[in-house]
Amino acid sequence: MRRFTDDRDWARFHDPKSLILALTGEVGELAELFQWLPADQAAELAQDDPLRTRAGEELSDVLLYLIRLADILGIDLAVAATAKLAASEHRYPVGGHPSRGPAQGG
């Protein structure tokens with residue numbers, strides 16, 4: 001992603017704020033694809049084109065902006081995600097109360 005950006009001289013546009021706004025826009029485009037689908041049918045409907053292809057494109061955009069943002073901020077996403085998952089495993093142990101949502105503020 002860094003090489004792709006550098007090859008096109010786009011780094012000057014890739015400050016954290018701009019990347020976050022671009023990431024938010026791409027999440028919005030992904031949400032738009034599913035906005036009016038019945039929740040209980042969305043996963044099934046996404047198995048077929050054209051929704052499957054469009055969802056893949058938007059998910060890729062989200063992923064690429066997220067990777068670029070992490071690069072700019074110097075965050076190793078694999079390390080951060082592993083740490084977050086470990087904290088969540090501690091906070092929400094197996095056999096907890098599945099009928100309750102996560103605690104507020106976390």
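Me: What relative accessibility does Asp 71 have?
Reply: This is a predicted model: local features need pLDDT of at least 70, side-chain atom pairs count only at pLDDT 80 or more, and totals for chains, interfaces and linings use all residues. Residues are numbered from 1 along each chain as its sequence is written, and side-chain values use heavy atoms, with hydrogens and water left out. Buried means under 20% relative accessible area, exposed over 50%, and partly exposed in between (1.4 Å probe, protein chains only). Asp 71 counts as partly exposed, with a relative accessibility of 27%.

Me: How many salt bridges does a search of the whole structure find?
Reply: Side chains of opposite charge can pair when their charged atoms come close. A salt bridge here is a side-chain nitrogen of Lys or Arg within 4 Å of a carboxyl oxygen of Asp or Glu. Searching the whole structure gives a count of five.

Me: Which residue meets Arg 2 in a salt bridge at 2.4 Å, N to O?
Reply: Helices (H or I, at least four residues) and strands (E, at least two) are DSSP runs, numbered from the N terminus. Arg 2 lies in helix α1 (residues 2–7). The salt bridge joins the side chain of Arg 2 to that of Asp 71.

Me: How many residues apart in sequence are the parts that Arg 2 and Asp 71 tie together?
Reply: Arg 2 and Asp 71 meet through their side chains. Arg 2 belongs to α1 and Asp 71 to helix α4 (residues 51–73), so the pair ties together parts whose separation in sequence is 69 residues.

Me: Which residues are linked with Asp 71 in a network of salt bridges?
Reply: Asp 71 forms a salt bridge with Arg 68, with the closest N and O atoms 3.0 Å apart. The two are three residues apart in helix α4, so about one helical turn separates them. Arg 68 is buried, at 3% relative accessibility. The network links Asp 71 with Arg 2 and Arg 68.

Me: Which residue forms a salt bridge with Arg 54?
Reply: Arg 54 is partly exposed, at 32% relative accessible area. Its partner sits four residues away in helix α4, about one helical turn along. That partner is buried, with a relative accessible area of 3%. The closest N and O atoms are 3.0 Å apart, and the partner is Glu 58.

Me: Which helix gives the most to the nonpolar patch?
Reply: Patches are made of residues with over 30% relative accessible area and no salt bridge: like charges are joined within 9 Å, nonpolar side chains (Val, Leu, Ile, Met, Phe, Trp, Tyr) within 5 Å. Accessible areas come from the Shrake-Rupley method with a 1.4 Å probe; for residues, only the protein chains shown count as cover. The nonpolar patch covers about 1000 Å², and its residues include Trp 10, Leu 66 and Leu 77. With six residues, the top contributor is α4.

Me: What relative accessibility does Trp 10 have?
Reply: Trp 10 is one of the patch residues. It is found in the loop between α1 and α2 (16–34). Trp 10 counts as partly exposed, at 37%.

Me: How far apart are the C-alpha atoms of Leu 66 and Arg 12?
Reply: Leu 66 lies in helix α4. Leu 66 is partly exposed, at 34% relative accessibility. Leu 66 and Arg 12 are 54 residues apart along the chain, and their C-alpha atoms are separated by 17 Å.

Me: At roughly what angle do the axes of α2 and α4 cross?
Reply: Axes are lines fitted to C-alpha atoms, for helices over the stretch in contact, and angles run from 0 to 180 degrees between N-to-C directions. The axes of α2 and α4 come within 9 Å, and their crossing angle is roughly 165°.

Me: How far apart are Glu 26 and Leu 59, C-alpha to C-alpha?
Reply: Glu 26 lies in helix α2. Glu 26 is buried, at 12% relative accessible area. Glu 26 and Leu 59 are 33 residues apart in sequence, and their distance in space is 8.0 Å.

Me: Which residues does a cis peptide bond join?
Reply: Most residues other than glycine have a negative phi, and most peptide bonds are trans. Here omega is about 10° for a cis bond. One partner is in the loop between α3 (42–45) and α4. The bond joins Asp 49 and Pro 50.

Me: What is the phi of Asp 9 near?
Reply: Asp 9 lies in the loop between α1 and α2. Asp 9 is partly exposed, at 48% relative accessibility. Its phi is positive, in a residue other than glycine, and is near 55°.
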